[in-house]
Amino acid sequence: MRIRLRRRRPAQPVASDRSGLAIDYWETHGEELLTAGLGAIARRLPALVAAALRLAWQANRRDTAVAVGGNLAAGVFTAFGLVATSSVLTSLFAMGPTPDRVRAALPSLLLVAVATGLRGALLTASGWAQARLKPQVERLVETRLLELTTRVELTAFDDPEFHNAVRRARDTGVPDTATVVETTVTVITGMVGVLAPAAALALMHPVLMPLLLVTAVPAGWAAMRSARLRYQAFYRLSAARRRKYMLSDMMAERQPAAEVRAFTLRDFLLGQYGKVADLEQSVQLEVARDQAAAKASGDLLTGAATVAVYAALAVLLSTGVIPLAVAGAAVLAVRTGQASLTGLVQAMNRLYESGLYFGDYLDFCRMAEARVQPPGLAAPPASFRTLTAEKVTFTYPGADGPALSQVSVTVKRGEVVALVGENGSGKTTLAKLLAGLYLPDSGAIRWDDTDIADMDGDALRRLISVIAQDHTRWPLTVRENIVMGSEPDDELMMEAAAAAGADKVVADLSQGYDSLLDRRFRGGHDLSGGQWQRVAVARGFYRDAALVIFDEPTSALDARAEHALFERIRRHADGRTIILISHRLASVRYADRIYVLERGKVVEQGPHAELMRRGGLYADLYALQASAYKGEAS
Ligand SMILES: Nc1ncnc2c1ncn2[C@@H]1O[C@H](COP(=O)(O)OP(=O)(O)OP(=O)(O)O)[C@@H](O)[C@H]1O
Ligand SMILES: [Mg+2]
C-alpha cells in the first residue's frame, strides 16, 4: 500500500520557529538591553567594574595592577603632554626673533617628547597586561564552572532550569566574563583618556572644559546607537544562529554522517540551513544600513558641534580671554578628548552588555553551590556488613509520580543480589540510589547503621563501582577507559580486561591499551557495541570497590562473552558484593536473592526456587523466556 504524504505548508521564518529551540532565555536580556537608558547603564557599571576587577585580581594580580595602573599613569602623562604643548605654543607665539622663540620652546618641547614616549610605553605595557588577563580570567571562570557542574547533585541534571542556567553560563557567561574584565580596563582607559584632556583644558582656562563635552555628545550618541543596533541584531539572531550551528553540525559531524546518507537528508538539511542563513543575512544588511545612517547623523552633528566650539574659541580669542597659543593647544586637547570619549561610550555599552551575561554566570554559580553537598561530612567505612534500603521512595524532579515507592532491600557483604522487572519498573533508579547517586525523598539507605546521606558523597562513591546501563563511550585510550578515576596499575588493569573479555578486543588494536577510541582523531579506533560494553565492564571490575553494581552488563555481549561474565559473577567475583540487573533470567537464577520490581515497588523477593514455587510475576517471566528457548530448540 502506498502511504500518502500530507502536503505541508512551507515552514515559518526561523526566528519565530520555536520547535525544539529553547530561546526564551535569550529574549529576557534582549528586553532589558533594548529598554535600558543611559542612566540604567551608568547605575549598573560600578558594581560590574568591582566584580570584574575582583575576578581579574584572582586570576593574576600583577597583570591586573599593570593593566589598571599603567592606564592611570598614562593618563597623567597625556594631561602633562597637553599642558606642555600649550607652553610650547606659547613660546612659539611670543614676541621676538624666531630662533630665540624656538630656543625658548625647546625645554617644553623636550617635555612633550618625554611625556609622549612614556605614555606610549605605559600604554603598551598595560595593553599587554590586558591581553594576558583575558585568557587567564577565561580559564579561571571556566574551571570554576566545570568544578561546579561535576560536583552538583545528580538530580540537578533532571531539572530544566539547571540546564538553562548551565547553557547560559557556558555559552555566553564564560566568554563574556573575560570580556567584562577586558572592557573594564578599556573603560578605565577611556575615562582617563577623557579626564586627562579635560584636566589639561581646565588648567588652560576653566571655560574650555565644557566645550569638550559639547563636541563629544553627538559622537557618543552615534557610537551608542550603532552598538545598540549591533546587539539588537545579535539578540534577534541568537536562536537562528544556534539553529545554524546545529544544522552545520548535523552535516559536518561524524555521528549523524551515516544517517544523513542513509535517509538522503542532504537537500533537506541544506534547505533548512539556507533559510536560517537568509534570515541572518537580511538582518545583518539591515543593521549595516541603520548603522551607516546613525554614523552619518552623528558625524553631521559632531561637525556642527565642532563648528560651535571653534566659534566659541574665536570669541574667547577675540575678546582676549585666552591667548592664541592656548587656543591652539585647546583644539588639540578637544580632538584628543573627543576620540577618547567615543571609545569610552562604546566601551561602556559593551561593558553593560557583557555584564548581563556575567550576571548569568554569577547566578549559575549561586544556583549550583546551593546544590552541592556541604563539606565536612564523615568518611564512610571501608565496607559494610549489611547494606539496606529502608522504605525508600524517590520521585524524579518534575515527574508525575514516584519512580520508587516504599522499596526495601537487604544486601549482605559478599552476596549476589539480583533486581529484575519489566522496562521502567525502577531497577536502574534503585541501583542509582544504592550507589549514592540520588538521595531518597523518604526512607534511608544504610551501610550497617549509618545513613549514606550523612557520608561524604565522593568518598562513598569511590567504594562503589557502577557499570551503567547507558555507559559512556569515553573518547580516550583503552587504558584510560578502564583505569579512569582510579590509581593506575597495569597488572590489575589487564586482569580486569581479561575478566570482562576486553583483552580480546585490545589484541586486535594496533596500539594495544594505548589505542585511542575516537575516530575523529588521527589513529583513532572505534569499537562495536559489544566491544564497548566489554571495556565498560572492565572499568567496573578494575575499581577496588566494596560494592559492584552491574546494570544490564551483557545486553550487547555475544553468547560466549555473556556466559563467561555471568559465570564470574556467579562465583561472586572475588568475594565482592554484587547487585546485578538483568533481563536474562537464566543468568540471575543463581543469585542469593532476587527482588522483582513492578511499577516502582518490590512485588516479590527470595531465591530463584522460592520465586518459582510462588508462581508470581517472576515465574511467569521465567517461563516465557524458557519457552522461547525451547521453541527455538524444537
Ligand atoms: N531521569 C529521569 N527523570 C524522570 N523520570 C525518569 C528518569 N529516569 C527514569 N525515569 C522514569 O522512572 C521509571 C523507572 O525507570 P528506570 O530507568 O529505573 O527503569 P528500569 O527498570 O531500569 O527499566 P529498563 O529495564 O528499561 O532499564 C520509568 O517510568 C522512567 O520513565
Ligand atoms: Mg534500567
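**Exercise 1. Work out whether Gln469 counts as buried, exposed or in between.**

Start with the number: Gln469 has 38% relative accessibility. Now the cut-offs: buried is under 20% relative accessible area, exposed is over 50%, and partly exposed lies in between (1.4 Å probe, protein chains only). So Gln469 counts as partly exposed. Thr428, at 22%, counts as partly exposed too.

Before going on, a word on the ground rules. This is a predicted model, where local features need pLDDT of at least 70, side-chain atom pairs count only at pLDDT 80 or more, and totals for chains, interfaces and linings use all residues. Residues are numbered from 1 along each chain as its sequence is written, chains are lettered from A and ligands numbered from 1 in the order in which they are written, and side-chain values use heavy atoms, with hydrogens and water left out.

**Exercise 2. Find the protein donors of the magnesium ion (ligand 2) and place them along the chain.**

First, the criterion: donors are N, O and S atoms within 2.8 Å of the metal (3.2 Å for Na, K and Ca), and since water is not among the atoms, sites may look incomplete. Next, the hits: OG1 of Thr428 and OE1 of Gln469, lying 1.9 to 2.2 Å from the ion. Finally, the placement: Thr428 is in helix H10 (residues 427–434), while Gln469 is in the loop between strand S6 (464–467) and helix H12 (478–483). The two are 41 residues apart, so the pair links distant parts of the chain. Helices (H or I, at least four residues) and strands (E, at least two) are DSSP runs, numbered from the N terminus.

**Exercise 3. Describe how covered H10 is, and what follows this helix.**

Count first: six of the eight residues of H10 are buried, which makes the helix mostly covered. The buried ones are Lys427, Thr429, Leu430, Ala431, Leu433 and Leu434. After H10 comes Gly436, with a positive phi near 75°.

**Exercise 4. Compare the radius of gyration of the protein chain with that of a compact globule.**

The rule for the globule is 2.2 Å times the number of residues to the power 0.38, and the radius is taken over C-alpha atoms. For 634 residues that gives a value near 26 Å, but the protein chain has 35 Å. As a further step, look at the C-alpha trace, which spans about 125 × 65 × 50 Å along its principal axes. Burial rounds things off: 45% of the 634 residues count as buried.
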